[in-house]
Amino acid sequence: MDHEATQELSMRPDATAGGTTHVSAEVVEKIAVAAAKSVPGVAELGGDVARFFNSVLDRIGLDELGDARRGCSAHVTNGAAVINLVIVIDGGRPVPEVTDAVRAAVTSAVETYGLRADEINIKVDDVALGGPAVPSA
């Protein structure tokens, strides 16, 4: 009888394949935007132009388009991220209080994914007074 010989790979519990992992800037931007939006006092993200176009998209039923990364850019090098955010704060909220909370939330969120946040730069672009901050056309 002729049995076909099979070769088994020996597995060690601590065996790990080599290679590199790269997390794209787009992923970091999505993480940062979600974290920033969760902070009390952040009305929305994005500068005047981005908010204007988003309000147009809202009116024509494409309100989710571009929301995931709007108001954020990131640069990732060797597992470290530099993140730039543009935010609108709620009226009456102290700017340092809101921006400190945004930095803390974004840092925590990014670190949860195994990255390091080297810099989180925040531009406060507007204040929402009594309603959504949407610039007039």
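Me: A residue counts as buried under 20% relative accessible area, as exposed over 50%, and as partly exposed in between. In this predicted model, what is the relative accessible area of Asp125?

Reply: Asp125 takes part in a salt bridge with Lys123, with the closest N and O atoms 3.7 Å apart. Its partner Lys123 is partly exposed at 48%. Asp125 is likewise assigned to the partly exposed class, because its relative accessible area is 22%.

Me: How many salt bridges does the structure hold?

Reply: Side chains of opposite charge can pair when their charged atoms come close. One of the pairs joins Arg93 and Glu97, at 3.6 Å from N to O; another joins Arg116 and Asp118. With the pair of Asp125 and Lys123 included, the salt bridges in the structure number three.

Me: How far apart are the closest N and O atoms of Arg116 and Asp118?

Reply: Arg116 has 45% relative accessibility and therefore counts as partly exposed. Asp118 has a relative accessible area of 47%, so this residue is partly exposed as well. In the salt bridge between Arg116 and Asp118, the separation of the closest N and O atoms is 2.8 Å.

Me: At what relative accessibility does Glu97 count as partly exposed?

Reply: The side chain of Glu97 meets that of Arg93 in a salt bridge. Arg93 is partly exposed, because its relative accessibility is 31%. Glu97 also lies between the two cut-offs of 20% and 50%, and its relative accessibility is 45%.

Me: Read along the sequence, which pattern does the chain follow?

Reply: The secondary structure consists of three helices and four strands. Helix H1 covers residues 25–37, and strand E1 covers residues 42–45. Strand E2 spans residues 72–77, and helix H3, residues 95–112, lies on the path from E3 to E4. Taken from one end of the sequence to the other, the pattern is α-β-α-β-β-α-β.

Me: In which sense do E3 and strand E4 run, parallel or antiparallel?

Reply: Strand E1 pairs with E3, residues 80–90, over three bridges in the antiparallel sense, and in that pairing Leu45 has Ile87 as its bridge partner. E2 and E3 are also antiparallel, with six bridges between them. E3 and E4, residues 116–128, are joined by eleven bridges, and their sense is parallel.

Me: What is the handedness of the β-α-β crossover from E3 to E4?

Reply: Within the pairing of E3 and E4 by eleven bridges, Ile83 stands opposite Ile120. The chain leaves E3, passes through helix H3 and reaches E4, and this β-α-β crossover is right-handed.

Me: Which residues make up the uncovered face of E2?

Reply: In a regular strand the side chains alternate between the two faces of the sheet. The covered face of E2 holds Cys72, Ala74 and Val76; of these, Val76 has Ala81 in E3 as its bridge partner. On the uncovered face, one of the residues is His75, which stands opposite Val82 in E3. The complete uncovered face is Ser73, His75 and Thr77.

Me: Which residues does Ala25 touch, not counting those up to four places away in sequence?

Reply: Ala25 belongs to helix H1. From C-alpha to C-alpha it is 9.3 Å from Thr77, although the two are 52 residues apart in sequence. The covered face of E2 includes the residues in question: Ala25 touches Ala74 and Val76.

Me: Which residue in the hairpin of E2 and E3 takes a positive phi?

Reply: Most residues other than glycine have a negative phi. The hairpin has two residues between its strands, and one residue in the loop between E2 and E3 has a phi of about 50° although it is not a glycine. That residue counts as exposed because its relative accessibility is 76%. The residue with the positive phi is Asn78.

Me: What share of the contacts with a separation of 6 or more comes from residues 24 or more positions apart?

Reply: The chain has 137 residues, of which 31% count as buried. Its accessible surface is about 9000 Å², with 54% belonging to carbon and sulfur atoms. Among contacts with a separation of 6 or more, the share from residues 24 or more positions apart is 74%.

How values were computed
Residues are numbered from 1 along each chain as its sequence is written. This is a predicted model: local features need pLDDT of at least 70, side-chain atom pairs count only at pLDDT 80 or more; totals for chains, interfaces and linings use all residues. Side-chain values use heavy atoms; hydrogens and water are left out. Two strands pair if DSSP finds at least two bridges between them. A crossover is right-handed if, with the strands pointing away from the viewer, the path from the first strand over the helix to the second runs clockwise. Buried means under 20% relative accessible area, exposed over 50%, partly exposed in between (1.4 Å probe, protein chains only). A salt bridge is a side-chain nitrogen of Lys or Arg within 4 Å of a carboxyl oxygen of Asp or Glu. Contact means heavy atoms within 4.5 Å. Accessible areas come from the Shrake-Rupley method with a 1.4 Å probe; for residues, only the protein chains shown count as cover.
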